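Grab a pencil and keep the 3D view open beside you. Work through the exercises below one at a time, and try each task before you read its solution.

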Amino acid sequence: MSQTTILRDRVKDHLLGQIENGELVIGKTINLAALSRTIGISVTPIREALSQLEQARVIKAIPNRGFVVTDLTIIEAKNLYETIAQLEVMALEASTFEPGDIEALRNKTEQLQEEKSLKNRFEFHRLLIKNCANSVLLQTLESLKVRLRFYEQAHATDSIFFETANRQNRSIVQAIAQDNIPTAALILKMNWMAVLEHVQLKINGQTVENQNKSN
């Protein structure tokens with residue numbers, strides 16, 4: 001791995017951490033010079049990292065302003081969640097599970113129950129498909145989930161959301177432990193669709209609220 005690639009990945013990890021912490025929000029401008037000073041990395045690998053995030057539709061370039069985190073839409077949410085659901089089911093069906101893998105998944109559901117955070121939620125899904133041998137599939141999912149974090153950071157942080165999602169997580173693990181991957185895959189798809197419905201309702205509610213304020 002080249003030094004430029006290592007630095008580029010450090011930039012992406014830094015920005016991802018800002019998303020998880022709620023520091024990088026919709027409409028915020030990413031200043032290259034300020035980011036370079038903050039993380040101590042030159043502008044060139046930062047530009048490469050931002051270009052990759054632009055390709056993933058996480059940010060967009062605006063003339064004379066720089067890179068800006070793009071707005072959230074119901075249509076994009078639908079496309080993202082449905083695509084991720086299909087790809088993650090494919091990855092699950094191509095995975096094998098040892099007893100230690102199942103135990104790690106169980107531990108993560110317990111941790112998510114105690115600490116309801118998006119970090120734990122996404123980590124559960126990472127553990128779920130980490131044994132898939134299709135690296136292209138995993139890289140595609142990782143890229144899509146970067147954008148997805150903005151939707152969940154904005155609209156999927158209440159306790160009811162986590163309770164519902166984690167109940168399905170436990171059912172997925174139970175099906176895997178019973179060597180019933182088709183059932184696990186079905187519940188996994190239902191999980192993503194339930195989250196999509198939750199996010200769409202939140203976006204609709206926010207849109208109505210903004211319209212009422214403007215009237």
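## Exercise 1: a bridge inside one helix

R126 is partly exposed, with a relative accessible area of 43%. Here, buried means under 20% relative accessible area, exposed means over 50%, and partly exposed is in between (1.4 Å probe, protein chains only). Before going on, know that this is a predicted model, where local features need pLDDT of at least 70 and side-chain atom pairs count only at pLDDT 80 or more, while totals for chains, interfaces and linings use all residues. Residues are numbered from 1 along each chain as its sequence is written, and side-chain values use heavy atoms, with hydrogens and water left out.

**Task.** Find which residue forms a salt bridge with R126.

**Solution.**
- Step 1: recall the rule: a salt bridge is a side-chain nitrogen of Lys or Arg within 4 Å of a carboxyl oxygen of Asp or Glu.
- Step 2: the partner is E123, and the closest N and O atoms are 2.7 Å apart.
- Step 3: look at the spacing. The two sit three residues apart in helix α6, so about one helical turn separates R126 and E123. (Helices are DSSP runs of H or I, at least four residues, numbered from the N terminus.)
- Step 4: check E123 too, which is partly exposed at 25% relative accessible area.

## Exercise 2: bridges across the chain

**Task.** Work out which helices the salt bridge between R8 and E48 ties together.

**Solution.**
- Step 1: the side chains of R8 and E48 meet at 4.0 Å, N to O.
- Step 2: R8 lies in helix α1 and E48 in helix α3, so the pair ties together parts that are 40 residues apart in sequence.
- Step 3: compare how covered they are: R8 is buried at 17%, whereas E48 is partly exposed at 31%.

**Task.** Now do it again for the salt bridge of E163 and K116.

**Solution.**
- Step 1: their side chains meet at 3.4 Å, N to O.
- Step 2: E163 is in helix α8 (residues 159-177) and K116 is in the loop between α5 (99-114) and α6, so this pair links distant parts of the chain, 47 residues apart.
- Step 3: E163 is partly exposed at 26% relative accessibility, and K116 is partly exposed at 32%.

## Exercise 3: the nonpolar core

**Task.** Find which members of the largest nonpolar core touch the most other members.

**Solution.**
- Step 1: a nonpolar core is a set of buried Ala, Val, Leu, Ile, Met, Phe, Trp, Tyr and Cys residues joined through side-chain atoms within 4.5 Å.
- Step 2: out of 63 residues in the largest one, the answer is L50, Y81, L92, L128 and I176.
- Step 3: helix α9 (residues 181-214) gives the most to this core, with ten residues.
- Step 4: zoom in on I176. Leaving out residues up to four places away in sequence, I176 touches L92, F97, I102, L105, L128, I181 and A184; contact means heavy atoms within 4.5 Å.
- Step 5: keep the wider pattern in mind: in soluble globular proteins, nonpolar side chains tend to be buried together.

## Exercise 4: an odd loop residue

**Task.** Say where D179 is placed, and whether D179 is buried or exposed.

**Solution.**
- Step 1: D179 is in the loop between α8 and α9.
- Step 2: at 66% relative accessibility, D179 counts as exposed.
- Step 3: check the backbone: D179 has a positive phi of about 60°, although this residue is not a glycine.
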